[in-house]
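Please open the model in your viewer, with the sequence panel beside it, and keep a selection tool at hand. The stops below are meant to be taken in order.

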Amino acid sequence: MKHLYTLSLRNNNLSGEFPKAWSLLPDIMVVDVAYNSLSGNLPSSMGDSGSLFMLKMNNNNFEGEIPFSLQTCTSLRNIDLGNNRFTGEIPPWIGSTAFLVSTLRLRSNFLSGHIPQQLCNLGYLHILDLAHNSFSGTIPKCLNNLTGLRIFNNSFYNLYLAYDQQTTVVKGRELQLNTSLAYVKSIDLSSNRFEGEIPQEICNLVLLNSLNLSMNQFSGNIPSKIGNLSQLDTLDLSLNHLSGHIPQSLSSLTFLSNLNLSYNNLSGEIPLGNQLQALPDSSIYEGNPFLCGLPLSTKCSEDGNSTPKDPKDNDNEDGNEKFWFYVSMALGFIVGFWGVFGTLIVKKSWRYAYFRWFDDIKDKATLCVRRLVCQE
């Protein structure tokens, strides 16, 4: 089938290695073998298919590095290699020779290294999913060059939308999208080893509706202009090392329905107003001991600063409790002891009666013992 344009074998039980004779298919445009059990390395001959614009090989058992030979596929628009066993780094040809990529999904592999600067050249990119890998370093500030996340251009997506069925994670659930794909604008860098501050430049991506940076090592403050992301529906910054106050601009996100800021080092009063009041679940703020205000039970002081107790104060309270416990024990002993024996010392008749009773008990016990000995 030398004139094959589309090969779609998704959602089957295919296994074994992927064919290597791709030089015989110079006109192939769509390769979709997602959700099978294929294995082995991607053949370098796939670079001979210069017309390829959709490569979907997600949810298989492919391994090795992403072939460098794919740099000749300059028409590539959709790359989905997620949920495999790929290793190595993101190849630099993504964003240099292949600069028309609109969907890049590499989640759940064993990839490492930094985000290459070349990715900032992807002017049509609107889905970037690098979650669950071992990427490190900082987020490039040049990400604000991703015009596909700043300016909507529907005409570009119409070129390939009829062929596409894209897997994407929305609000923590994996969904299959088709006709609505053009409206998904998301960045997911969760479960990696990224560090440093979240760049302010990311706030220029005003079309973003999902941003997930959770389970990394980000530090510093939440960008003060986060409110510029007016279309944001999901924001997850949990399990990082972020500090400082929650920006007031966050309360202006009227579409925000999924928020998670838990387990950071945030402090101060939680902003009020608009959509944040519709998120009453206190668990989205837990793990931040110096946050205060609704929906948390911790009240704020008059100056708006948090008033939660310092851990040292808890230690002091524990010490005070132990101290008063021992004091109460001593007082109880003193009162109990002298309440009985003090009375016997002071009141002579009670003292005689007590010792007579004690002598009677002693005599009865002695008599019983003697009887038992005689019976034996």
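What follows is a walk through a predicted model, with a selection to make at each stop.

**The eleven-stranded sheet**

Begin by colouring the strands, and then select those numbered 2-4-6-8-10-12-16-18-20-22-23, which is the order in which eleven strands form an open sheet with parallel pairing. At its edges you will find strand 2 (15–17) and strand 23 (290–292), each of which pairs on one side only. From one strand to the next, the twist of this sheet averages 20 degrees.

To look at one pairing in detail, select strand 4 (37–41) together with strand 6 (residues 61–64), to which strand 4 is joined, in parallel, by three bridges. Within this pairing, select N41 and look across to strand 6, where E63 stands opposite.

**The ten-stranded sheet**

Next, select the strands in the order 1-3-5-7-9-11-15-17-19-21, ten strands that form an open sheet, again with parallel pairing. Here strand 1 (6–8) and strand 21 (258–260) are the edge strands, pairing on one side only, and the twist averages 10 degrees from one strand to the next.

A pairing to inspect in this sheet is that of strand 15 (residues 186–188) with strand 17 (residues 210–212), which run parallel and are joined by three bridges. If you label D188, you will find N212 of strand 17 standing opposite.

**Two single residues**

Now select S45, which lies in the loop between strand 4 (37–41) and strand 5 (54–56). Is S45 buried or exposed? Its relative accessibility is 14%, so S45 counts as buried, because the cut-off for buried is under 20%. Leaving aside residues up to four places away in sequence, S45 touches K20, A21, W22 and S23.

Move on to R193, which lies in strand 16 (residues 193–197). Show its neighbours, and, again leaving aside residues up to four places away in sequence, R193 touches S134, F135, S136, G137, N216 and Q217. If you draw a distance between C-alpha atoms, R193 and T138 are separated by 9.1 Å, although they are 55 residues apart along the chain.

**The disulfides**

How many disulfides does a search of the whole structure find? The search finds two, and their pattern is 1-2, 3-4 when the bonded cysteines are counted along the chain.

Select C120 and C142, whose sulfur atoms are 1.9 Å apart in a disulfide; with 60 degrees about the S-S bond, this link is right-handed. C120 lies in the loop between strand 10 (110–113) and strand 11 (127–129), while C142 lies in the loop between strand 12 (134–137) and helix 1 (154–157), so the pair ties together parts that are 22 residues apart in sequence. C120 counts as buried at 3% relative accessibility, and C142 counts as buried at 17%.

For the other link, select C292 and C300, which are joined by a disulfide with an S to S distance of 1.9 Å; this link is right-handed, with 105 degrees about the S-S bond. C292, at 0% relative accessibility, counts as buried, whereas C300, at 24%, counts as partly exposed.

**Two further cysteines**

Finish by selecting C203 and then C368. C203 is buried, with a relative accessible area of 1%, whereas C368, at 45% relative accessibility, counts as partly exposed.

Conventions: Residues are numbered from 1 along each chain as its sequence is written. This is a predicted model: local features need pLDDT of at least 70, side-chain atom pairs count only at pLDDT 80 or more; totals for chains, interfaces and linings use all residues. Side-chain values use heavy atoms; hydrogens and water are left out. Helices (H or I, at least four residues) and strands (E, at least two) are DSSP runs, numbered from the N terminus. Buried means under 20% relative accessible area, exposed over 50%, partly exposed in between (1.4 Å probe, protein chains only). Contact means heavy atoms within 4.5 Å. Two strands pair if DSSP finds at least two bridges between them. Axes are lines fitted to C-alpha atoms, for helices over the stretch in contact, and angles run from 0 to 180 degrees between N-to-C directions. A disulfide is a pair of cysteine sulfur atoms within 2.5 Å.
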